Amino acid sequence: MRYLKLVELYEEISGTTKRLEKTEILSKFLRYLSSEDRDVMYLLLGDIYPEYDERRIGISNQLAIKAIAKSTGTEEKKVIHEWKVIGDLGNVAEKFTLHKKQHTLHSHILTTKKVIENLRKLPELVGKGTVGKKLGLINELLTSANPVEAKYLVRTLIGDLRIGIQESTVRESMAVAFFKKDKEISEKIQRAIDRSNDLAVVFDIVQKKKLKELDKIALQIGKPIKAMLAQKAVTIKEGFEKLGTPCAVEYKYDGFRLLIHKNNDEVKLFTRSLENVTKQFPEVVEYVKKYVKGSSFILDSEAVGFNRKTKKYTDFQAISQRIRRKYHIEKLQNELPVEVNVFDILLYNGKSQLDESFEKRTKLLRRIVKNHTYKIISSKQIITGDEKKTKEFYKQALRDNQEGVMMKNLKAEYKPGRRVGHMLKIKPDERDLDLVITGAEWGTGKRSGWLSSFILSCKGKKKGEYLEIGKVGTGVKEKSQATSHASAEASSNERRKSGESLTFEELTKKLSPLIISEKGKDVKIKPKIIVAVTYQEIQKSPNYNSGWALRFPRFTALRNDKPLSEIADIDEVIEDFKLQKRNYRYG
Ligand code: ATP
């Protein structure tokens, strides 16, 4: 298939924000695909492999800039300058290719097969001379591309396709293209996607209209799938009202999600974002082999850090570096040990458990996991309908340095990748601080020309000292939303609620005159603009010079009314940190 055909689809889809229209456009396109084109399903989402595959294109902006410069005969400096002005490397590539094409004729016709073939070679390249070889592969494509093709090639290379298409649109379009718009069929297709994590495999079956075959798609050990996600409940009472009684209540551990796959002697560990972290956690591999019965299984769990000396559990931030670090594993393993808390089972000895009730699954896992504290244990759990008992359990979870509790419906199945209403998380209320902005980053894409991602600081101990404590971009509105007629009402409502609603444009106007220095996209800003920020938690962090970081910060308002002298100081931050550990509010 010609790459141009796909590019025309990208253009058409990005021309509408309406989901129904997107579905219609995409379903027409899918009908046109032959079974040989199945890998185009990956390109639709800007990828070249199924989601479970670890290989990614992984081209940096810098390399893409070099490629654009070389293929269009432009100076790199010029490409960088244009990037700063336009903010989107894809559009930059389009512009320079257009310019070049006015002088030369392009040589080959690009096909999706050729694009995939070259892109798939990129992650395979390692060692000496890699950059040159990568540039060669990319340039082979770019020199054959017309301007619009170049735009999407570059966006695909840097992993930012920006056509506003999601997996759910692809699922819906498959149903519409080959069956009819029907909730049951959509659900069947979604289940197959959830279990295989492979759009091309599902497309193959759907295209042949073999609905029954879809049901046969099963989980496969070693291929990571997306974890089931929880909704929120504010109070325990609300939890029981939504789930019915009795239900399972578990500790909500403050670590990171770990999906454990075991097939005979081979154990693989995946994070929630499907990263393979087996090498980083050799001790966990050993615990799984030693303390969990069964020849093959997939377990869902949370790994939590603890202090070897005090035996106290630590927060996520303390162990987060273990996820990425590939070297000195043994040292890290000693310094930052983890305990695995298993809370679900998806497959056992070849048999999928997804459709079994949580009650059955939790019983099974408690039978097969041999508890070893500080190594691997099944999650702390009570089964109850009693509010008072649950509150006691919640308090105990917070005292044990965990985040709160999870409430789970005993009858419910496991739905990979879905945020379900049958599993609810409850944690203490959000708090807020007034802080000052001391830095920011120039935005790209939709946010180009605006400052985004703002660095927040609190007062230090010395006069005039400001200490960084986090970065925030959430809670700020895009200009278009705030000025559009439909949202004018909402934004004026919010203005009333929070004092003043913020847009990137407004913030940029206020902050630009205060810029002290610029380095690349990063700017330092004179402390003047004060903002109220809510957050869920404060954690110790080596990433900021205050030694602390806010977790999930969000702007709520500008505090024009406050003098700089009255923003939060480091003592207040530490006090909040201590308080959160003792916070037993239930809303
Ligand atoms: P979300 O996961 O809902 O997108 P989030 O990243 O903020 O939001 P949390 O609010 O921390 O996550 O809540 C869900 C997470 O809690 C799960 O993804 C899992 O990692 C963790 N968790 C800890 N203990 C449990 C448990 N007993 N059962 C299920 N999940 C648990």
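Here a colleague and a modeller talk through how to read a predicted model of a protein.

Colleague: Where do I begin with the model, and how many helices and strands does the protein have?

Modeller: Begin with the overall make-up. This is a predicted model, and the protein has 24 helices and 20 strands.

Colleague: How do I judge whether the chain is compact or spread out?

Modeller: Set its radius of gyration beside what a rule for globules gives. Here the radius of gyration is 26 Å, close to the 25 Å from the globule rule for 587 residues, so the protein is as compact as a globular protein of that length. Along the principal axes, its C-alpha atoms fill a box of roughly 75 × 65 × 55 Å.

Colleague: And what share of the residues is buried?

Modeller: Buried residues are those under 20% relative accessible area. In this protein they make up 53% of the 587 residues. As for the outside, about 28300 Å² is exposed, with carbon and sulfur atoms supplying 50% of it.

Colleague: Which domains does the protein have?

Modeller: The domain assignment gives domain 1 (46-157), domain 2 (229-426) and domain 3 (431-580). Taken over C-alpha atoms, the centres of domain 1 and domain 2 are 42 Å apart.

Colleague: What should I look for inside, say in the largest nonpolar core?

Modeller: Look for the residues with the most contacts inside it. That core has 68 residues, and Leu30, Met41 and Met174 are the ones with the most contacts there. Another core lies apart from it, with 33 residues, including Leu451 and Val573.

Colleague: Which residues does methionine 41 touch, leaving aside its neighbours within four places in sequence?

Modeller: Methionine 41 is in contact with Leu30, Leu33, Val170, Met174, Leu199, Ala200 and Phe203.

Colleague: Leu30 again! Which residues are buried in its helix, H2?

Modeller: Lys22, Thr23, Ile25, Leu26, Ser27, Phe29 and Leu30 are buried in H2. Among the elements covering them are helix H1 (3-14), helix H3 (40-44), helix H10 (167-178) and helix H12 (199-207).

Colleague: How do I check the length of a helix like H2?

Modeller: Compare the expected span with the distance between the end C-alpha atoms. At 1.5 Å a residue, the 14 residues of H2 (residues 19-32) should span 20 Å, and its ends are 20 Å apart, so the two agree.

Colleague: Let me try H8: what covers its buried residues?

Modeller: The cover includes helix H4 (61-72), helix H7 (112-121) and helix H9 (147-157). Leu135, Ile138 and Leu142 are among the buried residues of H8.

Conventions:
Residues numbered from 1 in each chain as written. Predicted model: local features only at pLDDT ≥ 70, side-chain atom pairs only at ≥ 80, totals over all residues. Heavy atoms only, no water. Core = buried A, V, L, I, M, F, W, Y, C linked by side-chain atoms within 4.5 Å. Buried < 20%, exposed > 50% of the residue type's maximum accessible area, 1.4 Å probe, protein only. Contact = heavy atoms within 4.5 Å. Helix = DSSP H or I, 4+ residues; strand = E, 2+ residues; numbered from the N terminus. Domains from an automatic or database assignment. Rg over C-alpha atoms; globule rule 2.2 N^0.38 Å. Areas by Shrake-Rupley, 256 points an atom, 1.4 Å probe, with all protein chains shown as cover. Expected span 1.5 Å × (residues − 1).
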